[in-house]
Amino acid sequence: MKILCIGRNYVAHAKELGNEVPQEPVIFIKPSTALAQEAKSFSIPSFSSDLHYECEVVLRISEYAKQIGVEKASEIYDALTVGIDFTARDVQQRLKDKGLPWEKAKAFDQSAIIGEWRDAAAFKNKRDIHFCLYKNKSLVQQGHTAAMIYGFEEILSHVSNYFTLEPGDLVFTGTPAGVGPVEPGDVLEGFLEDDSLFELTIQ
Ligand code: ZN
């Protein structure tokens, strides 16, 4: 399986990092070794001293799809959760400055945290889903899928032009504003609507 991630899908987040709002979805991939499902703890990797959380809605692919149209894309995923696209911001900045790929900053082991799955059919309007992240019981990120530049179906259609989607693949759909650093002892808790789907202690 593979993990596809969308960058800069919320205008306020693109701007907080000084990035342009993209003309088409920004895509990067994490390998299967990045996945940490329902992990209870996360160790900051030794190569970063500015490790950031990015809370995102995550889709689980349930069908093979290649060059699928937007109108069919709602049929190829069956579950949603919230997750964290952990990012070594210091490493990413060095790579971006040199115009190099991001993988060392984004695709390392355990960098893709996901919570418990919820049935996609339970969410009638995919453009009206609220999600949020608490750090040490304080609200740090609050997202609403209405604010996505590219909705779930547009993302899946676009991604499938380049990469065949397979059952079990995951798609991280981008983070809203409010990303920030973690340090040992922090506790992150992610919510989809009112449901707490993961709680993670940083080590
Ligand atoms: Zn992200």
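Here are some friendly questions and answers about this structure, which is a predicted model.

Q: Which residues coordinate the zinc ion?
A: Let's start with the metal, whose donor residues follow the spacing E-x1-E-x28-D in sequence. The distances run from 2.0 to 2.1 Å, and the donor atoms are OE of two glutamates and OD of an aspartate. The residues are Glu54, Glu56 and Asp85.

Q: Is Glu56 buried or exposed?
A: Glu56 can be placed within strand 6, which spans residues 55-61. Six of the seven residues of strand 6 are buried, so this strand is largely enclosed by the rest of the structure. Glu54 is buried, and Glu56 is likewise buried.

Q: Which residue of strand 7 stands opposite Glu56?
A: Strand 6 pairs with strand 7 (residues 77-85). The two run in the antiparallel sense and share seven bridges. Across from the zinc ligand Glu56, the residue in strand 7 is Gly83.

Q: Which residue in strand 13 is the bridge partner of Val58?
A: Strand 6 is also joined to strand 13, residues 170-172. Three bridges hold this antiparallel pairing. For Val58, the partner in strand 13 is Phe172.

Q: Which strands stand at the edges of the sheet with the order 4-16-15-11-12?
A: Five strands make up this open sheet, and their pairing is mixed. An edge strand has a single partner strand, so one side of it is left without a neighbour in the sheet. The strands that fit are strand 4 (41-42) and strand 12 (138-144).

Q: Which residue in strand 12 does Leu133 stand opposite?
A: Strand 11 covers residues 130-135 and runs antiparallel to strand 12. Six bridges join the two. Facing Leu133 in strand 12 is Gln141.

Q: What is the geometry of the aromatic pair of Tyr134 and Phe191?
A: The structure holds seven aromatic pairs. In the pair of Tyr134 and Phe191, the ring centres lie 5.5 Å apart and the planes are at 70 degrees. Since planes over 60 degrees apart get this label, the pair is edge-to-face.

Q: How many residues apart are Tyr134 and Phe191?
A: Tyr134 sits in strand 11, and Phe191 in strand 15 (residues 187-192). Their pair links distant parts of the chain. The separation is 57 residues.

Q: Is Phe191 buried or exposed?
A: Its partner Tyr134 has a relative accessible area of 27% and is partly exposed. For Phe191 the relative accessibility is 16%. The cut-off for the lower class is under 20%, so Phe191 counts as buried.

Q: Which residue lies over the face of Trp117?
A: Here a charge sits over an aromatic ring. The distance from the ring centre is 5.1 Å. The residue is Arg60.

Q: How many residues are in the largest nonpolar core?
A: Some members touch the most others: Leu80, Phe86, Leu156, Leu188, Leu192 and Leu200. Leu192, for example, has contacts that include Val57, Leu80, Phe123 and Ile129. Apart from this core lies another of 13 residues, among them Ile3, Val26, Ala79 and Phe172. The largest core has 47 residues.

Q: Which residue with a positive phi follows helix 2?
A: Helix 2 runs over residues 89-97, and its buried residues include Arg89, Asp90 and Leu95. Strand 5 (51-53), strand 8 (87-88) and helix 3 (103-106) are among the elements covering the buried residues of helix 2. Beyond helix 2 comes a residue with phi near 70 degrees, namely Gly99.

Q: Which residue in strand 14 stands opposite Tyr53?
A: An open sheet of three strands has the order 8-5-14, with antiparallel pairing. Strand 8 and strand 14 (180-181) each have a single partner strand, so they stand at the edges. Two bridges join strand 5 to strand 14, and opposite Tyr53 is Gly180.

Q: How many of the nine residues of helix 4 are buried?
A: Helix 4 spans residues 152-160 and is largely enclosed by the rest of the structure. Its buried residues include Phe152, Ile155, Leu156 and Val159. Their cover includes strand 1 (3-7), strand 2 (26-30), strand 6, strand 7 and strand 13. Of the nine residues, the buried ones number eight.

Conventions
Residues are numbered from 1 along each chain as its sequence is written. This is a predicted model: local features need pLDDT of at least 70, side-chain atom pairs count only at pLDDT 80 or more; totals for chains, interfaces and linings use all residues. Side-chain values use heavy atoms; hydrogens and water are left out. Two strands pair if DSSP finds at least two bridges between them. Helices (H or I, at least four residues) and strands (E, at least two) are DSSP runs, numbered from the N terminus. Donors are N, O and S atoms within 2.8 Å of the metal (3.2 Å for Na, K and Ca); water is not among the atoms, so sites may look incomplete. Buried means under 20% relative accessible area, exposed over 50%, partly exposed in between (1.4 Å probe, protein chains only). Rings of Phe, Tyr and Trp (its six-membered ring) pair if their centres lie within 6.5 Å; planes under 30 degrees apart count as stacked, over 60 as edge-to-face and the rest as tilted. A charge sits over a ring if NZ of Lys or CZ of Arg is within 6 Å of the ring centre and within 35 degrees of the ring normal. A nonpolar core is a set of buried Ala, Val, Leu, Ile, Met, Phe, Trp, Tyr and Cys residues joined through side-chain atoms within 4.5 Å. Contact means heavy atoms within 4.5 Å. Lists of a residue's contacts leave out its neighbours within four places in sequence.
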